[in-house]
Amino acid sequence: MATMAKPTIQEADAVTQRGADLVWRALETAGANIVFGYPGGACLPMYDALPDHPGVHHVLVRHEQGAAHMADGYARATGRVGVCVATSGPGATNLVTGLACAYMDSVPVVAITGQVSTPLMGRDAFQETDVLGMVGPVTKHSILVQSVDDIEPAIHRAFAIARGGRPGPVLVDIPKDIQLHTMATRGATNGARALPVPGADAAELDRAAALLAAASRPVIIAGQGVRLGRAHAELRTLAERIDAPVVTTLLGIGAISEEHPLAAGMLGMHGSARANRMVNDADVILGVGLRFDDRVTGKIAAFAPNAKIIHADIDATQIGKNVPTAIGIVADAGAVLFALAARLERSTRPEWRTRLDGDRRKPRVAEYEQRVELPPRLVIRAIRAAASEDAYFVADVGQHQMWAAQHLRLTEPDRFLTSGGLGAMGYALPAAIGAQMGRPSSEVWAIAGDGGAQMTIHELGTAVQESAPVKLAIMNNGYLGMVRQWQQLFHDGRISQTPISSPDYVKLADAYGVLGMCVERRTDLGPALSRAKAHPGPVVLDIRIEREANVWPIVPPGGANADFIEEPAS
Ligand SMILES: Cc1ncc(C[n+]2csc(CCOP(=O)(O)OP(=O)(O)O)c2C)c(N)n1
């Protein structure tokens with residue numbers, strides 16, 4: 001008589017799970033307790049399974065672009081991987097701008113998309129889009145899951161890739177039938193290995209240290225990589241050790257306190273006169289965690305003409321891509337800065353420092369600031385003064401973004417979030433909501449123009465549904481201001497399609513159940529900002545700034561950074 005084999009312990013423990021459940025289980029195991037998403041046909045099984053996974057808080061957005069920007073804002077504010085979910089076809093295509101934004105700014109995001117069932121793939125099925133084909137150039141990696149037992153490994157691998165090395169977005173596409181397939185599974189595991197981080201080459205570090213030791217006019221340029229690598233302390237230590245001024249890129253703002261005596265501001269197209277002059281005059285530049293993109297360098301041939309450049313980046317493809325480098329070091333920002341500081345003696349450069357201090361002492365207080373009701377700089381400074389010291393500021397794209405970069409003067413690390421590389425209008429409100437969800441006890445201010453605000457203002461609905469108390473300050477000039485500025489300065493003043501109307505933002509806010517205020521006078525600004533700060537829910541401020549103010553200084557397109565145009569005397 002045949003005897004039945006006793007089940008092994010593993011078999012006895014195994015439970016049958018649907019692919020849809022494995023998606024959420026993998027996200028929970030990866031530590032993603034907040035995801036931003038929007039359901040649809042191809043991810044119905046996933047949404048059917050969601051209520052069984054209370055460890056995941058799903059934020060229902062109003063548009064999938066918002067989901068991707070929220071995941072991005074969440075990731076930038078917390079240092080964790082942001083997650084967004086969308087259905088196939090239009091859901092997936094709507095994610096693309098947000099993924100491109102995260103890609104250009106090296107933000108770790110994992111996007112999960114539903115796909116039509118495998119037998120329908122390639123047949124122009126309803127809502128079928130080749131999302132992998134579409135996002136290839138704007139993601140670090142993308143994965144089509146082809147079997148239920150690949151779901152968890154694929155998601156864990158996506159997390160490892162998104163956060164490893166130079167971070168970036170990864171997309172995982174899961175066909176509907178695979179979400180419905182079942183498999184016997186035991187406890188959740190996370191088998192993904194962290195990606196190896198390259199270690200700096202000791203000989204290159206020695207050469208770099210020797211170059212810095214011999215420099216008389218060194219400058220450190222800190223990019224997003226310093227922030228991503230959480231290398232703030234190492235940056236400050238090295239700068240102080242060799243008495244080198246630190247300038248930042250737009251995304252590097254927050255790598256060093258802007259009140260630090262060695263902080264010399266932002267460089268590039270709308271960089272400070274001081275930062276651009278210092279880089280122009282430097283004899284050695286140490287660039288850490290930046291791409292040297294065209295907004296930073298201006299005309300490449302004239303960039304830092306007197307300097308030897310040491311470029312350190314975790315991404316080897318960046319070295320020598322845009323500027324000729326004397327020494328390239330492929331490693332994590334913190335490791336490079338630490339290793340260089342360890343190799344260098346304390347030194348001072350009084351003459352070079354005098355130059356920094358001298359430049360600092362010449363702030364231009366334009367006469368028009370006294371005359372005009374709401375000059376933009378005054379508004380930014382008032383927002384800064386009203387907000388908590390450690391508040392987060394999320395800037396949209398345009399003139400207000402540059403005014404915010406120039407005048408917020410942040411002291412806490414990593415409080416400035418913006419779409420730097422892609423320059424995606426519509427970023428600020430959703431990214432602020434993402435930041436707020438990740439940092440629930442912090443104050444989060446979104447600063448947008450009237451153009452960009454109108455691109456994603458519907459996400460106020462998400463803020464209300466989630467009780468996310470973001471403060472949206474719209475710097476309303478009635479124009480697509482940055483483009484108007486270029487038309488005025490570089491297209492003979494021909495104003496074309498840049499005046500833009502706005503809805504009544506107070507009524508709009510009211511319709512969403514949000515506190516709305518309109519500020520037209522200088523005397524009303526402080527009280528309105530204080531009220532916004534004290535209000536426990538979301539707020540919209542319609543701030544009527546001077547209509548035709550420009551951002552100064554500006555490096556003309558194609559010009560050298562040293563040829564920046566200063567604010568004309570009014
Ligand atoms: C999605 C998108 N479309 C177009 C642009 C080009 N663009 C850059 S700045 C700008 C104007 C922004 O206007 P607004 O939001 O009102 O801000 P302001 O410049 O007035 O502060 C435009 C149209 C962009 N960056 N992003």
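**Exercise 1. The cover of helix α17**

Task: List the buried residues of α17.

Solution. Start with the names: Pro376, Arg377, Val379, Ile380, Ala382, Ile383, Arg384 and Ala386 are the buried residues of α17. The model is predicted. Next, set the list against the helix. It runs over residues 376-386, and eight of its eleven residues are buried. Conclude that α17 is mostly covered.

**Exercise 2. Placing Ala160**

Task: Decide whether Ala160 is buried or exposed.

Solution. First locate the residue. Ala160 sits in helix α7, which spans residues 151-163. Then take its relative accessible area, 9%. The cut-off for buried is under 20%. Ala160 is therefore buried, because its relative accessible area is 9%. Finally, pick a partner for Ala160. Ala30 is 130 residues away in sequence, yet the C-alpha to C-alpha distance is 9.4 Å.

**Exercise 3. The shell around the ligand**

Task: State which helices each supply at least two residues of the shell around the ligand.

Solution. Begin with the count. There are 17 residues around the ligand, and Gln399, His400, Gly423, Gly452 and Gly481 come nearest. Now assign helices. α18 (399-407), α20 (450-456) and α22 (481-490) each give at least two shell residues. Rank the sources: α20 contributes the largest share, four residues. Sort by class last. The shell holds seven nonpolar, nine polar and one charged residues.

**Exercise 4. Polar atoms at the ligand**

Task: Find which protein atoms lie 3.0 Å from an oxygen atom of the ligand.

Solution. Treat side chain and backbone separately. On the side-chain side, an N or O atom of Asn477 is 3.0 Å from a ligand oxygen. On the backbone side, a polar atom of Tyr479 lies 3.0 Å from an oxygen atom of the ligand. Add the nitrogen case: a polar backbone atom of Gly423 is 2.8 Å from a ligand nitrogen. Gly423 is also among the residues that come nearest to the ligand. Close with the surface. The ligand taken alone exposes 580 Å², and the protein buries 76% of that.

**Exercise 5. The second largest cavity**

Task: Describe the lining of the second largest cavity by class.

Solution. Count first: there are two cavities of 30 Å³ or more. Take the second largest, with about 40 Å³ of space. Name its lining: Asn276, Val279, Asn280, Ala302, Phe303, Ala304, Asn561 and Ala562. Sort these residues. Five are nonpolar, three are polar and none is charged. The polar part can be read off by name: Asn276, Asn280 and Asn561 belong to the lining.

Conventions. Residues numbered from 1 in each chain as written. Predicted model: local features only at pLDDT ≥ 70, side-chain atom pairs only at ≥ 80, totals over all residues. Heavy atoms only, no water. Near = heavy atom within 4 Å. Polar contact = N/O pair within 3.5 Å; in protein donor to acceptor, adjacent residues only side chain to side chain. Areas by Shrake-Rupley, 256 points an atom, 1.4 Å probe, with all protein chains shown as cover. Nonpolar A, V, L, I, M, F, W, Y, C, P; charged D, E, K, R; others polar. 1 Å grid on protein atoms, 1.4 Å probe; cavity = no way out; pocket = protein on both sides within 12 Å on 5 of 7 lines; lining within 4 Å. Points joined across faces, edges and corners; volume = space filled by probe spheres on them. Buried < 20%, exposed > 50% of the residue type's maximum accessible area, 1.4 Å probe, protein only.
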